[in-house]
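The following exercises concern salt bridges, cysteines and model confidence. Each task is followed by a solution in steps.

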Amino acid sequence: MAAAKENSDQGKGFCPVYDIECPSGSDAADACENRFTGDYNPLQNFRDAEIEHCAIYRAERQELGGRAQTLRLSKEEKSSKDEEK
């Protein structure tokens with residue numbers, strides 16, 4: 001029983017569709033979670049489709065952000081190597 005409580009606390013504030021932090025906060029994530037565990041059907045309900053669209057968009061932004069950070073770090077690394085020469 002304690003493990004189930006712990007797992008639900010870890011997901012607090014996270015998107016129910018993709019395991020990413022909800023940018024709208026934990027209240028919005030809870031509302032989406034309630035909708036997602038209910039009669040979720042993005043093909044028939046616009047609100048459900050919006051949940052999925054938001055999740056896809058946020059996942060893409062997060063992925064792009066990670067790539068940009070990796071690129072920036074590699075440029076900084078190259079710059080520091082050039083300075084050593």
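**Exercise 1.** Is Asp48 buried or exposed?

Solution. The structure is a predicted model, in which local features need pLDDT of at least 70 and side-chain atom pairs count only at pLDDT 80 or more, while totals for chains, interfaces and linings use all residues. Residues are numbered from 1 along each chain as its sequence is written, and side-chain values use heavy atoms, with hydrogens and water left out.

Step 1. Apply the cut-offs: buried means under 20% relative accessible area, exposed over 50%, and partly exposed in between (1.4 Å probe, protein chains only). With a relative accessible area of 0%, Asp48 is buried.

Step 2. Place the residue. Asp48 belongs to helix α3, which spans residues 46–84; helices are DSSP runs (H or I, at least four residues) numbered from the N terminus.

Step 3. List the neighbours. Leaving aside residues up to four places away in sequence, Asp48 touches Arg35, Asp39, Tyr40, Asn41 and Pro42, a contact being heavy atoms within 4.5 Å.

**Exercise 2.** Determine how many salt bridges there are and which residues they join into one network.

Solution.

Step 1. State the rule: a side-chain nitrogen of Lys or Arg lies within 4 Å of a carboxyl oxygen of Asp or Glu. Side chains of opposite charge can pair when their charged atoms come close. The count by this rule is three salt bridges.

Step 2. Take Asp30, which pairs with Lys12 at 3.2 Å between the closest N and O atoms. Because Asp30 lies in helix α2 (residues 26–37) and Lys12 in the loop between α1 (2–10) and α2, the pair ties together parts that are 18 residues apart in sequence. Asp30 is partly exposed, at a relative accessible area of 28%.

Step 3. Turn to Arg35, which is buried at 16%. Its salt bridge with Asp39 has an N to O distance of 3.4 Å, and Asp39 is exposed at 56% relative accessibility.

Step 4. Arg35 also forms a salt bridge with Asp48, where the closest N and O atoms are 2.7 Å apart. This pair links distant parts of the chain, with Arg35 in helix α2 and Asp48 in helix α3, 13 residues apart. Shared partners thus join Arg35, Asp39 and Asp48 into one network.

**Exercise 3.** Explain why Cys15 forms no bond with the closest cysteine sulfur.

Solution.

Step 1. A disulfide requires a pair of cysteine sulfur atoms within 2.5 Å. The closest cysteine sulfur to that of Cys15 belongs to Cys54 and is 6.5 Å away, so the distance is too far for a bond.

Step 2. Check Cys32: this residue is in no disulfide, and its nearest cysteine sulfur, that of Cys22, is 6.0 Å away. A search of the whole structure finds zero disulfides.

Step 3. Compare accessibility. Cys15 counts as buried at 14%, whereas Cys32 is partly exposed at 21%.

**Exercise 4.** Identify where confidence is lowest and where it is highest in the chain.

Solution.

Step 1. The predictor's confidence in each residue is its pLDDT, from 0 to 100. The chain has a mean pLDDT of 75, and 65% of its residues reach 70 or more.

Step 2. Confidence is lowest in α1, at a mean of 41, and highest in α2, at 90.

Step 3. Residues 1–9 have pLDDT below 50, and beyond near neighbours in sequence this stretch has zero contacts in the model. Where pLDDT is low, the predicted coordinates should not be read in detail.

Technical notes. Helix = DSSP H or I, 4+ residues; strand = E, 2+ residues; numbered from the N terminus.
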